Amino acid sequence: MSEPIRFVLDDQPVTVGDAPPTRTLLQWLRSHGKVGTKEGCAEGDCGACTVALEDTGPDGAPRLRAVNSCILLLPMVDGRRLWTVEGIGTPDAPHPVQQAMVERLGSQCGYCTPGFVMSLFEAHHRKDLDAAWKLDDQVCGNLCRCTGYRPIKQALADTAGTAASALPAARTPVAARTETFHYQAEGAHFVAPRNLQDGLEILAAFPDARIVAGATDLGLHVTKGGQRFAGLLSVEHLPGLRGVTSTATGWRIGAATDLVTLEDWSATALPMLHRMLRYFGSRQIKHRATLGGNLCNASPIGDTPPVLLALDAIAVIATLTTAGPTERRVPLSAFFTGYRSTALSPGEILVAIEVPALSPDARTGAYKVSRRREMDISAVSAAFRLELDGERILEARVAYGGVAATPVRLGEVETLLRDAVWSDATAERAADLAASSIRPMSDHRGTADFRRLLVRNLLLGFREETRETSFRALPAGHCGTVVLDASPAGDPR
Amino acid sequence: MSDGTVRLPSGLPSPLHRSSPHESALRHVTGTARYTDDLPAPAGMLHAVFVASPHAHARILERDGDAARSMPGVRAVLFHDSVPGDNRVGPIVHDEPVLAEDEVHHVGMPVALVVADTREQAEAAAHAVRLTWAPLPAVLSIDAAIEAGSYLNDPHVIARGDAEAALAASACVVSGEVRSPGQDHFYLETHCARAIPEEGGAWKVWSSTQHPTEVQRMVARVLGIGAHMVSCEVPRLGGGFGGKESQAANVAALAALGAHATGRPVSVWLDRATDMASTGKRHPFLARYRAGFDADGRIRVLVAQLWSDGGFALDLSPAVMDRALFHLDNAYFVEALRFEGRCCRTNLPSNTAFRGFGGPQGALVVEAAMDDAAAALGMDPAAVRRASYYDGPARSVTPYGQVVPDTRIVAIHEGLAARADYAARRGDIEAEHAAARTALAAGTASPAQRWLRRGIALAPVKFGISFTNAPLNQAGAFVLVYADGTVQLNHGGIEMGQGLHTKMLAVCCDTLGVSLPRVRVLNTSTEKVPNTSATAASSGSDLNGQAVRDACVTLRQRMAPVAADLLGCAAEELRFAGDAVHAPSGRSMSFAELASTCWLRQVSLAATGFYRTPGIAYDKAAGRGTPFFYYAWGAAVFEVELNGLTGEHVLRRVDVLHDVGDSLIPSIDVGQVEGAVVQGVGWLTNEEVLFRPDGAVLTRGPSTYKIPAAGDVPEAFHVALLDHATQPGTIGGSKAVGEPPFVLSIGIIGALRHAVSGFAPRPGTPVTLGLPATPERLLGAVEAVRR
């Protein structure tokens, strides 16, 4: 039984029943007079389309999320409250972030401005923007070609965290759904079940349905590839798939856990993952992207797979049996079966990723080198983990992305390291072996030679970082993905 | 310019020479500023997309639109033979087909236009247009073009003295090759135009263009009608940077063609991928140079040969090459020289104007020679530059014979070096490099000494201001005063983020003595100001500002006798200020009262203004003349830190001292300087236009084409405008600001080369660094000097 999409837009109720499920939120907004929100790229990379979505975290707490409306499918805003640049203030009564952008001369041509305003709007309601790099991160998904960013960053610093509440004041209530949402238009279906049993049943009945979580990748297939999916099964409202829980041996991360949630959680629990997520993508993307999505894409350049490979993570896959939802466990090293293919069978849903707890003596590192530091796809990513007894290596994990058809572990290098003493000489031998044991390709992100050099150097950099300590947090103003000594000149200001 | 205005302390202050927000800022930040594609669609508006060539060079054997015509919602499928007028457009010569004729000349070239009720329908039908091809050999690089003798024009030569003899006599001779990269404009608003048929065979065109007159002219040409039948109106641009100077006309012509065929309004909007794949970019250049220096680092001679990649058509390529040649000297007096430049014809989109317009590509060559010479002489590169500046009458004549009248660059260099503490910081970095060498040799190096190096560099700019094509240096304005004392301001310039309207409002308010709320600036329209030049060459406020002032002075001269009569004084004794007109006696009347009285007394309250820059002339055959009205100057110090493990770098600090004359609006000018520097840093570091082997643009979106993001800008960024910098003969004593500071970004290359050199076991090791300086190229350079 199809129902219309219901949401609250700029504090006004909206009902949509005629748009195809793959209509993006941006397309719908602009065709309904909300032209303040702009299209700059339709690939979630420039941020001109940014809007703010009200949502709850896995803990149920309300949160405001800046998202890219250009790759968000319209049925995904069902049951939510949404704010656009036109809804938070007017020329006569501008919102404080809008006023700050005016006073700091944060707009020149003005075309990226609505997107920046909405990223600042989210920041206005955040309470955790306590470091300069977090402010940069807040707007790294918004490109400006005119200003050089300084005035925008000033407006952000002026207003971040100054709102009284986590959410903006609103009058129009949102009716949350508790039952499966089924939307149908132009012969295509969008189904968002509210529990796993329903989800697996729907998948069994419609095996061709495409599973989708945040749509940060699927949205590109719509806007850039022109794909129209006949059936989409959304897993983002399945309660067991969101959030992180402690287990006897470590953690269980719900597959539909968004990467902002994961970034916040991992800061203390799993710094290695946190460090990779810091440069994973923009705030807007991380609000919608999920860990399970990043794995199921099985892209050779996905950034979380090397980290999870180095952690011996396990994919937990659910299928429907007569006994109800049943889980099977696949080591991540067996999950990626080829270029963009996984061990998932039809009718199965990736529900969680289990990560064993790290031993206190573990030395870990996670690295990503891309053309641009923020908001870019890696040429090479790498993750390393050593379990040590004194200086002797008990166990080693050496994982790379961007060097083969899938994210890979280098078994030969792990063997070389195992039982060796963790020394500069060992690191050099391992680095040389790593470089010679891969056959990377040349593409626009880097030549094979560059990738081979990075494979080598990142392992050397890991040695530099972990000679004495187990882990280093990434400091502000650092130069590159490897943390070396503190910058020689101190604070440049 | 003296017009008798005296600014009073009483009443509202003039907005001129005061910092203020952008005039549209409140509309920008609330999403109420409208761009072309935001305008309400006229009833029945259709959408058109073009079918792009998949070949870089091919003959079209067959074209068949029947299948596409039968698809849902399709209203027309058009080929070049549907063009009612002339299918060829172009800003200098008409060599660009609106729709391909017998051959295609680059991947992405429009071949057919599909018009449908919705954009989705037009896109679907575009796939159904059947085309068959006979591929032809393609020229896809400057090197291939030189090999094949494929050029767009004849060489332009500027020469002085006996360069070969001067090289032979030089204490230090350096030579090299510079390949400067292309650059996508990446304006956030892509190309867009709407053509609307009006009664009597007239046309209204809305366009995201820097040059509405060109759009008007080309639409008229394509439709085969007079310019008077076409009006072009522009609300504002979401960025232009040169990319919408000439090439917006092609997009508008397509819209007009679709509207002509269907009799309905038609919108053509290029999505990001189409925009990046089909439109021209900054010209890549190949330069080979030899330069001679004295033992004390002073440049004596420069011989340089330049080739640009013009793409398949002429567009503005010769003018870009001219400006590159005019900036091969950058800020340095060169006695003996031979400069030669020629534009290559390749099977790529026709490259076009981009902020700097060849100037940065030219300056990059002499700056490379400066760095080479400093390395060869073991000198501080800033000292080589300091020794080589234009300085005093004996060192004041440019390669093309124009005299540089002042030596601001010396004061700027000294002022900036002091402000940025350049000498001490360079000393610290040199000491760090030396300490790292010692520690590495002794096996005691810290991780930072193994893998991190800082670098610092100072780069100057001298930038010639004016269109080098003299007739373009003209502008018009049209100012209307209403009987209630409010004002409508029209001028020929385009607001594209540079703050032109903010400056024009300030000039208008200053001249009429009224406050900002009384004045409204209107959309730029060919109906209000005809025969305009492009808003380009940094000339927007120079030219239009004079025209606005001229119109306002005319209005004041008409209104003054009325006020003089009422206030009992002579007209020339009146002061217009603070929304009022003041007599020496102390008596005054409000501007509104004066306006209504003028109406009652039948005085015209609408006036045009006009300006032409005096004295611009250049003889290209002789390589001599006065192509510029004046020069803008500036200098910057860049400090970087480079990671030798990964090739990543951070921009730690940038200090700029820049000459904008007496700034019309200082806050706007600082924003222009900062934005230009960051855009230039993008050009030289992480932005890279990549092509597939078949000539198709590979970088078609921000996922693959990386302009600077918020975290890439300098951690510390100090921009100062030169004080006491009045420029004679310009509006308010100001100078152009859009392009000159872009050239300052070259300093990042010197800083990166300095950092790379710190990894060499021996000081003074030459550094070769390809451009753009991506992590891959930087890591390669580090690896090369380590050995």
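Two strands are said to pair if DSSP finds at least two bridges between them, and I begin with that definition because it lets us read the hairpin at the start of chain A. Please keep in mind throughout that what we are looking at is a predicted model.

In chain A, strand S1, which covers residues 5-9, and strand S2, which covers residues 12-16, pair in the antiparallel sense, and the pairing runs over five bridges. If you look for the partner of A:Leu9, you will find that A:Gln12 in S2(A) stands opposite. Two residues lie between the strands of this hairpin, and there A:Asp10 takes a positive phi near 50 degrees.

Let me now step back to chain A as a whole. Its secondary structure comes to 16 helices and 20 strands. The radius of gyration of chain A is 23 Å, which is close to the 23 Å that the globule rule gives for 493 residues, so chain A is as compact as a globular protein of that length. Taken along the principal axes, the box filled by its C-alpha atoms is roughly 65 × 65 × 40 Å. Of the 493 residues in this chain, 58% count as buried, and when we consider the contacts with a separation of 6 or more, 68% of them are made by residues 24 or more positions apart.

Helix H8 of chain A, residues 259-269, gives us a local view of packing, and its buried residues are A:Leu259, A:Val260, A:Thr261, A:Leu262 and A:Ser266. What do these buried residues of H8(A) pack against? They pack against strand S11 (250-254) and against three helices of chain A, namely H9 (271-278), H10 (283-288) and H11 (291-296).

Two loop residues in chain A deserve a pause. A:Leu105, which is not a glycine, has a positive phi of about 60 degrees, and its place is in the loop between H2 and H3 of chain A. Is A:Leu105 buried or exposed? It has 26 C-beta neighbours inside 10 Å, and therefore it counts as buried. A:Ala298 is likewise a residue other than glycine with a positive phi, in this case near 55 degrees, and it sits in the loop between H11 and helix H12 (304-310) of chain A. With 21 other C-beta atoms within 10 Å, A:Ala298 is buried.

We come next to the place where the two chains meet. The contact takes 73 residues from chain A and 70 residues from chain B. On the side of chain A that touches chain B, the helices H2 (96-103), H3 (113-124), H4 (132-139), H5 (150-159) and H16 (448-466) each supply at least two residues, and the largest share, seven residues, comes from H16(A). By character, that side of chain A divides into 35 nonpolar, 22 polar and 16 charged residues.

Nonpolar side chains tend to be buried together in soluble globular proteins. Here, the largest nonpolar core has 378 residues, and those that touch the most other members are B:Val114, B:Val219, B:Ala252, B:Ala256 and B:Leu302. Leaving aside neighbours within four places in sequence, B:Val219 is in contact with B:Trp203, B:Val205, B:Val230, B:Ala252, B:Ala253 and B:Ala256. There is also a second, separate core, made of 45 residues, which includes B:Phe478, B:Leu543, B:Ala577 and B:Tyr611.

Turning to a sheet in chain B, we find three strands in the order S23-S24-S25, forming an open sheet with antiparallel pairing. Strands S23 (575-577) and S25 (588-590) stand at the edges with a single partner strand each, so one side of each is left without a neighbour in the sheet. From one strand to the next, the twist averages 20 degrees. Strand S24, residues 580-582, pairs with S25(B) over three bridges, and B:His582 stands opposite B:Ser588 in S25(B). Across S24 and S25 of chain B lies helix H17 (residues 591-600), which runs at about 80 degrees to S25(B).

I finish with two loops of chain B. B:Gly493 is found between strand S20 (487-491) and helix H15 (500-512), and it is buried, with 32 other C-beta atoms within 10 Å. Beyond its neighbours within four places in sequence, its contacts are B:Leu500, B:Thr524, B:Thr535, B:Gly540 and B:Asn544. Lastly, the peptide bond from B:Leu771 to B:Pro772 is cis, with omega near -10 degrees, and B:Pro772 is found in the loop between helix H20 (747-757) and helix H21 (775-786) of chain B.

Notes. Residues numbered from 1 in each chain as written. Chains lettered and ligands numbered in written order. Core = buried A, V, L, I, M, F, W, Y, C linked by C-beta atoms within 7 Å. Buried ≥ 20, exposed ≤ 12 C-beta atoms within 10 Å, placed from the backbone. Contact = placed C-beta atoms within 7 Å. Helix = DSSP H or I, 4+ residues; strand = E, 2+ residues; numbered from the N terminus. Rg over C-alpha atoms; globule rule 2.2 N^0.38 Å. Nonpolar A, V, L, I, M, F, W, Y, C, P; charged D, E, K, R; others polar. Axes fitted to C-alpha atoms, helices over the stretch in contact; angles between N-to-C directions.
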